[in-house]
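This report describes the surroundings of a ligand and then turns to individual residues of the chain. The sequence and the structure are shown below.

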Amino acid sequence: MAKKIIAVDGPAASGKGTLARRLAAHFDYAYLDTGALYRAVALTVINNGQDPSDTSAAVTAARELDMAQLTVPDFARALRTTQTGLAASIVAAEPDVRAAILAAQRQFGQTPPDGKQGAILDGRDIGTVVCPNADKKLFITARAHVRAERRWKELVTQDARLTLASVLADVEARDARDTNRATAPMKQAEDAHLLDTSDLSIEEAFAAALALVDG
Ligand code: CDP
């Protein structure tokens, strides 16, 4: 039987990760956070003392990406910082970086690990490029201020000096770069359902997402 695929796209801190994880738990599907792959490429470049805008360094890191690293606690923590997020959006604009990790993402959707009957992938281009034939597609968004505030609350527990204004600037810079890049820009697929979570609690957003997937 063909495996089910649910594509969840949207801008930074829109709540797509939380919703995708909860949907995966609900349906007992495998979950892939594709943003973590771009963050891992960027962090590897930074850890090697290289610059994220150094194309050949980024492409090498993408080709040699070791998924096992994603679960190493120190590496996983460093993935979440705003610095890594911004660097991720720089390496993600490079077509050869995207090409290097495309097959692994498609493979995850077509053959989910652990014998799961379906997969949920979240990112920017899942419904448009990675899994254009996904069974269901959601595009999760929220107003930039709301997204920045959510992300700031998440990150300030680890870095008390972080300001809301700097997180908002980061979110807006990434939105602009992700939307305007030539290769696989962030875009709502024509057949994706739009869900604005600005005025919804996590529970309300989950109920709305579930209704769209089940509908
Ligand atoms: O969690 P958050 O929404 O802040 O970002 P993320 O999903 O971890 O993605 C980090 C960056 O990776 C994004 O700003 C994009 O530039 C890039 N990305 C992408 O280009 N394509 C994807 N499918 C996922 C992420």
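In this predicted model, the shell around the ligand is made up, by class, of ten charged, five nonpolar and four polar residues. Of the 19 residues around the ligand, those that come nearest are Lys 16, Arg 39, Arg 98, Arg 151 and Asp 178.

Polar contacts with the ligand involve both side-chain and backbone atoms of the protein. Arg 174 places a polar side-chain atom 2.8 Å from an oxygen atom of the ligand. Arg 181 likewise has a polar side-chain atom 2.9 Å from a ligand oxygen atom. At Arg 124 the protein partner is a polar backbone atom, which lies 3.1 Å from a nitrogen atom of the ligand. The ligand, taken alone, exposes 530 Å², and 97% of that area is buried by the protein.

The largest pocket is the space taken by the ligand. Three elements give two or more residues to the shell around the ligand: helix H2 (34–47), helix H5 (82–91) and helix H9 (164–180). Of the contributions to this shell, that of H2 is the greatest, at four residues.

**Backbone conformation**

Most residues other than glycine have a negative phi. Asp 114, which is not a glycine, nevertheless has a positive phi of about 60°. Asp 114 belongs to the loop that runs between helix H6 (95–110) and strand S3 (118–123). Is Asp 114 buried or exposed? Asp 114 counts as exposed because its relative accessibility is 73%, and the cut-off for that class is over 50%.

Ala 184 is also not a glycine and has a positive phi, of about 45°. The loop between H9 and strand S5 (193–196) holds Ala 184. With a relative accessible area of 13%, Ala 184 is buried, since the cut-off for burial is under 20%.

**Residue pairs along the chain and in space**

Four residues serve here as reference points, and the table gives the C-alpha separation of each from a partner.

| Residue pair | Separation in sequence | C-alpha to C-alpha distance |
|---|---|---|
| Leu 212 and Lys 136 | 76 residues | 8.5 Å |
| Ile 90 and Ala 42 | 48 residues | 8.1 Å |
| Arg 98 and Ala 87 | eleven residues | 14 Å |
| Ala 12 and Gly 123 | 111 residues | 9.2 Å |

Leu 212 is located in helix H10 (residues 202–214). The relative accessible area of Leu 212 is 23%, and the residue is therefore partly exposed.

Ile 90 is part of helix H5, one of the elements that give two or more residues to the ligand shell. How accessible is Ile 90, buried or partly exposed? Ile 90 is partly exposed, as its relative accessible area amounts to 29%. Its partner in the table, Ala 42, is 48 residues away along the chain, with the two C-alpha atoms separated by 8.1 Å.

Arg 98 lies in helix H6 and is among the residues that come nearest to the ligand. At a relative accessibility of 7%, Arg 98 counts as buried. Ala 87 is eleven residues from Arg 98 along the chain, and their C-alpha atoms are separated by 14 Å.

Ala 12 is found in the loop between strand S1 (4–9) and helix H1 (16–27). Ala 12 counts as buried because its relative accessibility is 3%. Along the chain, 111 residues separate Ala 12 from Gly 123, while the distance between their C-alpha atoms is 9.2 Å.

Technical notes. Residues are numbered from 1 along each chain as its sequence is written. This is a predicted model: local features need pLDDT of at least 70, side-chain atom pairs count only at pLDDT 80 or more; totals for chains, interfaces and linings use all residues. Side-chain values use heavy atoms; hydrogens and water are left out. A residue is near a molecule or strand if one of its heavy atoms lies within 4 Å of it. A polar contact is a pair of N or O atoms within 3.5 Å; within protein, one must be able to donate a hydrogen and the other to accept it, and residues adjacent in sequence count only if both atoms are side-chain atoms. Accessible areas come from the Shrake-Rupley method with a 1.4 Å probe; for residues, only the protein chains shown count as cover. On a 1 Å grid over the protein atoms alone, a cavity is a set of points where a 1.4 Å probe fits but cannot get out, and a pocket is an open set with protein on both sides within 12 Å along at least five of seven lines; lining residues have an atom within 4 Å of a point. A molecule sits in a cavity or pocket if more than half of its atoms lie within 2 Å of its grid points. Ala, Val, Leu, Ile, Met, Phe, Trp, Tyr, Cys and Pro count as nonpolar, Asp, Glu, Lys and Arg as charged, and the others, Gly among them, as polar. Buried means under 20% relative accessible area, exposed over 50%, partly exposed in between (1.4 Å probe, protein chains only).
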